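Trainee: Could you show me how to read a protein model, one feature at a time? I am new to this.

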Amino acid sequence: MSTLYFAETALTDDGWVTDVLISVSSKGIIESLIPINKIIPTSKINGEVVRLEGTLLPGIANLHSHAFQRAFAGFSESAGQANDSFWSWRKIMYQFVEKLTPEQVYVIARQLYIEMLKGGYTSVAEFHYLHHSASGKHYDDPAEMSHQVINAAFDVGIDITHLPVYYRHAGFNHKPASDAQKRFTHTADDYYQLIHKLFKYYKQDQRIQIGIAPHSLRAVSSKDICGAIETLDNYNTKAPIHIHIAEQLAEVDDCIAHTGQRPVQHLYDNFDVNKRWCLIHATHINEQETWEIAQSGAVAGLCLTTEANLGDGIFPASFYLQEKGKFGIGSDSHITVSALEELRLLEYGQRLVHQQRAILCDEAVPSVGRTLYQGALEGGAQAVGRKTGKIAVGYLADWIILDGNNPSLFSKSKDQLIDSMIFACNANPIKDVFVSGKQVITSGNHALENESLLAFRKVLKEIVD
Ligand SMILES: [Zn+2]
């Protein structure tokens, strides 16, 4: 049975519309969008229609998440050693990982996914690399850890694109994985089995999409990546492929030393990189590589707050957007979990580098907020491989509703609302959230909120004490 919604203002695929009736099927797909004033007066809308109070925007896909890292956020912000960097952060993170049980991972992921919904994300691509027990032994069901994060997403009501990570080596030339990495690694056959199992378990479930994530060029060889893609293609030749590409200068140098090429060059020379690919942290890329990514139609997966937190570097967003490159955003390490904060930092990074204002926009769409929001909707949807990111017929009813009582939104309309919610809000302006037609956040709250908070507090205590 369909549900009818009425929205006074909505950002649809045709732009801003007012007084629109939206029909959503029982499967959560938008069936029709009809300007209501053309049918009956607004005053005649009765109880059969669900009235949505506030401006409606499509929800954004979070294209990069390592769920378990949420519990670690904030524990590594004091100077532990000289030259504190991504690599020293990773060392502390590995120590943290050693302790986590499947049950704890579920609790952390559930808390995180509630935060994501509140932060404006309606789906998530989980780049999942914590596969095995603390000793490195496989669980009885090798997909045990995958089930934990997937069930957390199902319970919370966020759509998930699950990307089991393929990790074999600590570095180029098959450098053996360290003890700290033993929870992440697979042989080729074991990894293929994991893909088979995940498709067997979840193929029929519309809440989930399965793709793959070769961890990085240093962790798997080109041959490994080919084998993984062939296995994935048995099930879905359009399924997403995500990879960490050039987060750190050290890994760029390492790639040049071992292959003679920079990472993006190496990837593009060895694979048909197209729209199913998402390049996470394309941070250190030259002009040719930037152009090549834009031309290929792949999505650049930008994780601005994590990249800032880890001191990674700044993505050349200005040139990339001029070349019509696709991008999306991810909260990655979850140092913060807010789509709006990611987008704000994307523009601010460019302003600081170029010493100018209003950079990521053009004459056609002069609003920076609208340009960035629209870009992240499209790129995010492509990266998670779901029909989301648009309020349009045939798309999932994934949307957020803005809080009209937020003072930063007073007297703002249309694109100014998006500019203000990204750049000017002190408090979260997102009031309600719907995923696949189901309301999951109501007036800023989630139904599992209290239960989740109690469990998360307990897990943190267990880990830290
Ligand atoms: Zn990552």
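Trainee: Which residue takes a positive phi in the hairpin of S2 and S3?

Mentor: Some ground rules come before the hairpin. This is a predicted model, where local features need pLDDT of at least 70 and side-chain atom pairs count only at pLDDT 80 or more, while totals for chains, interfaces and linings use all residues. Residues are numbered from 1 along each chain as its sequence is written, and side-chain values use heavy atoms, with hydrogens and water left out.

Mentor: Helices (H or I, at least four residues) and strands (E, at least two) are DSSP runs, numbered from the N terminus. Two strands pair if DSSP finds at least two bridges between them. Here, S2 (residues 15-24) and S3 (residues 30-35) pair in the antiparallel sense over 5 bridges. Leu 21 has Ile 34 in S3 as its bridge partner. The hairpin has 5 residues between the strands, and Gly 28 takes the positive phi, near 85°.

Trainee: Which residues coordinate the zinc ion?

Mentor: For a metal, look for donors: N, O and S atoms within 2.8 Å of it (3.2 Å for Na, K and Ca); water is not among the atoms, so sites may look incomplete. In this model the zinc ion is coordinated through NE2 of His 64, His 66 and His 244, at 2.1 to 2.2 Å. Along the chain, the donors follow the spacing H-x1-H-x177-H.

Trainee: Is His 64 buried or exposed?

Mentor: Buried means under 20% relative accessible area, exposed over 50%, and partly exposed in between (1.4 Å probe, protein chains only). His 64 is buried, at 0%, and His 66 also counts as buried, at 3%.

Trainee: How is the chain divided into domains?

Mentor: Domain bounds come from an automatic or database domain assignment. Domain 1 covers 3-57 + 390-441, and domain 2 covers 58-384. Their centres, taken over C-alpha atoms, are 30 Å apart.

Trainee: What is the area buried between domain 1 and domain 2?

Mentor: The size of an interface is often given as the accessible area lost when the parts come together. Buried area is counted with a 1.4 Å probe and summed over both parts. Here the value is about 2100 Å², and carbon and sulfur atoms give 64% of it. On the domain 1 side, Ile 422, Phe 423 and Val 435 supply 28% of the area buried against domain 2, more than any other three residues.

Notes
Buried area is the accessible area (1.4 Å probe) that two parts lose on being put together, summed over both.
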